[in-house]
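This report describes selected features of one protein chain. The sequence and the structure are shown first, and the description follows.

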Amino acid sequence: MIRFAPLLSLLLAAPLVASEPFLPPPVEKRLAYRQVPEAATSIYVEDLETGEVVVRWNENVPRNPGSTIKLLTTLAALDILGPTYTWRTDIYALGAVAEGRLDGDLLIRGQGDPFLVTERVWQMLREVRQAGIDEITGDLLLDDSYFEVGPYDPGEFDGQPLRAYNVAPHALLMNYKAVRYWFEPVPETGKVEIWTDPPIANLEIDNQLKLASGACRGYQRGITITANATVNRVTFSGKFPSGCERYAMSRTALNHNSFVYGLFKSIWQEGGGKFDGGWTTATAPADQEPIVHFRSLPLTDVISRVNKHSNNVMARQLLFTMSAEVLGPPGTEAGGREVVGDWLRRNGLEFSELGFDNGAGLSREARMTAADFGAMLRFAWRQPYMPEYLSSMSLAGLDGTLRYRMDDGPIEGSAHLKTGSLDHVAGIAGYLQARSGRRFAVVVLQNHKDIHRGYGDETQEALLRWLYEQ
């Protein structure tokens, strides 16, 4: 984890600090109503034109920022990699190709593409077919050596190993290693039909669900999901209410490379291709050109998905990518922290109390102060890629994690913000344009018991509505 000692920045103009700490009255009232101690809240608001600090409250207290820390990861990636950066997935034909037949193995080398979802995999395999291959006689070889993740327990953070947000980074990440399970009652038989999207050839489903009369409600609609150690066999049990027409849940399956193999095989055969081989890990040949160089979406599109939808695994892929690109492969989490730390120092952003570990905010150890967040937002505002950074955040009341918040008043569409929420953690950071046209950098961080249960949202919105009128 990165930790810095205080250092005066010579590269950023010092803001005009408000003489006294100040809590706007609506914020004071909301905290008092919910019996949230004022000491549990940090706020920093700066006018981006004048540099005036409009509000400061416990701004130098380090707090767990939750997913707002993704704003640091994505800003560093924009500056280090560039807005148009793309990842590459290379595919090699290891054998002779004649009359649509590859007499040998097909090798896929991943280099960390964070958004190689099912549709993109389909496009990639279409390029293989266009290269003249319809049948593969050998095996699927997978080169995942671009990242080195090490031992990883997906259930360590919160005991939910099948949740997609707990997926480990991987050089050949496909569809976040997640499957969407669909459940539909069949009243004629008293059973529940289950199917998956995407279909995974080597995933076994044990359907023990029973259909029970009742309204469509209840946690997971009464479904219990369990899996064996390798997560290649998933069991569904419980009583599914007949009042549900259809229900869906997303969970992870298999290990990374087994998932890649299963997805590849399903898509390849679905498209009419022939393949009956197995899979193994291998290293791409250094003396052979790939038959396909598959390019990812540009970085600007990727960080929009990271920030608007708070995608943890994509944020972690960014950190590993920065490590691999700057320090050389394999990319590691420690290397990513080193790269981000060096970047902060070069730009005069050596923060007093920064705790930066996985870059996603899915952490109990991450720490940042509201004032340091403000300095980072001020720095970003002055960069040529500021519009791309700004547009990666959720628009209040319109999209992302803010789609259903602040959608009934003047703030709708007036703020670009990143939210952050964990148990007992609530935060928001970004930019707001007031009714007057003034533009502010805004940060609110709260760590307190049950603050994530809506109380933090109320504090944030009280500040933003007040600030909008300034």
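Two strands count as paired if DSSP finds at least two bridges between them. The model discussed here is predicted. Its protein chain has a mean pLDDT of 94, and 96% of its residues reach 70 or more. Over residues 4–12, however, the pLDDT is below 50, although this stretch has 23 contacts in the model beyond near neighbours in sequence.

**The sheet**

Six strands form an open sheet in the order β2-β1-β19-β18-β17-β16, and their pairing is antiparallel. The edge strands, β2 (53–57) and β16 (394–395), each pair on one side only. In general, strands of a sheet are held in pairs through backbone hydrogen bonds, either parallel or antiparallel.

Strand β1 comprises residues 41–47 and pairs with β2 in the antiparallel sense over four bridges. The two strands form a hairpin with five residues between them. Gly51, which lies in the turn, has a positive phi of about 80°. Strand β1 also pairs with β19, again in the antiparallel sense, over seven bridges.

The table lists residues of β1 with their partners.

| Residue in β1 | Partner | Strand of partner |
|---|---|---|
| Ser42 | Leu445 | β19 |
| Ile43 | Trp57 | β2 |
| Tyr44 | Arg56 | β2 |

**The surroundings of β1**

Is strand β1 enclosed or open to its surroundings? Seven of the seven residues of β1 are buried, so the strand is largely enclosed by the rest of the structure. A residue counts as buried when its relative accessible area is under 20%. In a regular strand the side chains alternate between the two faces of the sheet. In β1, Thr41, Ile43, Val45 and Asp47 point one way, whereas Ser42, Tyr44 and Glu46 point the other way. Residues on both sides are buried.

Helix α10 (residues 451–468) lies across β1, β2, β17 (415–422), β18 (425–433) and β19 (439–447). The helix runs at about 20° to β18.

**A buried leucine**

Leu78 belongs to helix α2, which covers residues 70–81. Because its relative accessibility is 1%, Leu78 counts as buried. Which residues are in contact with Leu78, leaving aside its neighbours within four places in sequence? They are Pro83, Leu299, Thr300, Ile303, Tyr385 and Tyr389. Leu78 and Tyr385 are 307 residues apart along the chain, yet their C-alpha atoms are separated by 7.7 Å.

Notes: Residues numbered from 1 in each chain as written. Heavy atoms only, no water. Contact = heavy atoms within 4.5 Å. Axes fitted to C-alpha atoms, helices over the stretch in contact; angles between N-to-C directions. pLDDT = per-residue confidence, 0-100. Buried < 20%, exposed > 50% of the residue type's maximum accessible area, 1.4 Å probe, protein only.
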